[in-house]
Amino acid sequence: MLPFGKRLFLSVIVLFIAFSTCFVLFQYQREKVYKSDVLNIQLQSYNSQLYDFVASHGTSADSLLHYVHAHVIPDLRVTLITPEGKVVFDNTEPDLRRFGNHASRKEIQDALIYGSGYSISRHSESKDGQEYFYSARYYPQQRIIIRSALPYSLNLNEHLKADSTYLWFTVAISLVLAVFFYQFTQKLGKSITKLREFAQKADRNAPIDMEQTFPNNELGDRTKDWGSSPVNGKRYWSTTFSRNMPISFPTGT
């Protein structure tokens, strides 16, 4: 059986590791969501600018292609979709018959319900299964959904990946705290062990060595005070003399 100090340390360190793991996972997911939101805001800004152009110039394919080429973002894909899910423009594919109905796409459904929506790393059903980050917004005045997308390339993956700096910082802090917990629990364990041995001797009326070295902390001070109290001191001396000194009775002459 492990000593009390080590058992206490293991209990504390297991709880600490569980808490640290939950914190790291929460922070990692939170940072990914934050970076996704930042990218979504950038694409939504592009959607709003394109809508201003559509509101004044219409939705002809030539004018839209001219706008997209004039406001170029590398690998950007722009799609205009009706609320019913029909694709009316896509800058990467002139043959609109190749597109199926988009009403069931997550970002389209969210745009119709909430006004905007995005989808992370979804396979395109019309571009040979390539993964995209989609951002869509519904404009009820024109009854049109403008969706912009970026291919889920290595650069985009690096952009969305959570920063691992905080992870190494958390590990370093955890190691420092683990050393502190170990030292603290070891001292506390030794103190409790000595106090338990002291109490067991007192309960058995066994001789108590008052010169025993107690830890230099509150537990040690309490133990010394207990041993030097009048009641416990009397019991100590009576126990010591009764067990270790011969008792003679006077005889009459």
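A salt bridge, as I use the term today, is a side-chain nitrogen of Lys or Arg within 4 Å of a carboxyl oxygen of Asp or Glu. Glu 107 forms such a bridge with Arg 147, and their closest N and O atoms are 3.0 Å apart. The pair links distant parts of the chain, with Glu 107 in helix H3 (residues 106–114) and Arg 147 in strand S5, 40 residues apart.

Before going on, I should say that this is a predicted model, in which local features need pLDDT of at least 70 and side-chain atom pairs count only at pLDDT 80 or more, whereas totals for chains, interfaces and linings use all residues. Residues are numbered from 1 along each chain as its sequence is written, and side-chain values use heavy atoms, with hydrogens and water left out.

Let me stay with that first pair and ask whether its two residues are buried or exposed. Buried means under 20% relative accessible area, exposed means over 50%, and partly exposed is in between, all with a 1.4 Å probe and protein chains only. Glu 107 counts as buried because its relative accessibility is 0%, and Arg 147 counts as buried because its value is 1%.

The count of salt bridges comes to six. Another of them joins Arg 143 to Glu 84, with the closest N and O atoms 2.9 Å apart. Arg 143 lies in the loop between S4 and S5 and Glu 84 in the loop between S1 and strand S2 (87–90), so this pair ties together parts that are 59 residues apart in sequence. Arg 143 is partly exposed, with a relative accessible area of 45%, and Glu 84 also counts as partly exposed, at 48%. The backbone of Arg 143 deserves a remark too, since its phi is near 50°, a positive value in a residue other than glycine. Most residues other than glycine have a negative phi. Asp 75 is a further case, with a positive phi of about 65° although it is not a glycine; Asp 75 sits in the loop between H2 and S1 and counts as exposed at 57% relative accessibility.

A third bridge is formed by the side chains of Glu 93 and Arg 98, at 3.1 Å from N to O. Here Glu 93 counts as buried, at 14% relative accessibility, whereas Arg 98 is exposed, with a relative accessible area of 51%.

Now to the overall layout, where helices (H or I, at least four residues) and strands (E, at least two) are DSSP runs numbered from the N terminus. The chain has seven helices and five strands, and along the sequence they follow the pattern α-α-β-β-α-β-β-β-α-α-α-α. Helix H1 (residues 4–57) has 54 residues and reaches 79 Å from its first C-alpha to its last. That is close to the 80 Å expected at 1.5 Å a residue, the expected span being 1.5 Å times one less than the number of residues. After H1 comes Gly 58, whose phi is positive, near 85°.

What does H1 give to the largest nonpolar core? A nonpolar core is a set of buried Ala, Val, Leu, Ile, Met, Phe, Trp, Tyr and Cys residues joined through side-chain atoms within 4.5 Å. The largest has 19 residues, and those with the most contacts inside it are Tyr 46, Leu 50, Leu 64, Val 78, Leu 80 and Ile 146. The elements that give two or more residues to this core are H1, helix H2 (61–70), strand S1 (77–81), strand S4 (131–139) and strand S5 (144–151), and H1 gives the most, with seven residues.

Taking contact to mean heavy atoms within 4.5 Å, and leaving aside neighbours within four places in sequence, Leu 64 touches residues including Leu 50, Phe 53, Leu 80 and Phe 89. Apart from the largest core lies another, of eight residues, among them Ile 81, Val 87, Ile 108 and Ala 111.

Finally, some totals for the chain. Buried residues make up 36% of its 253 residues. Among contacts between residues at least 6 apart in sequence, 54% join residues at least 24 apart. The accessible surface, computed by the Shrake-Rupley method with a 1.4 Å probe, comes to about 16,300 Å², of which 60% belongs to carbon and sulfur atoms.
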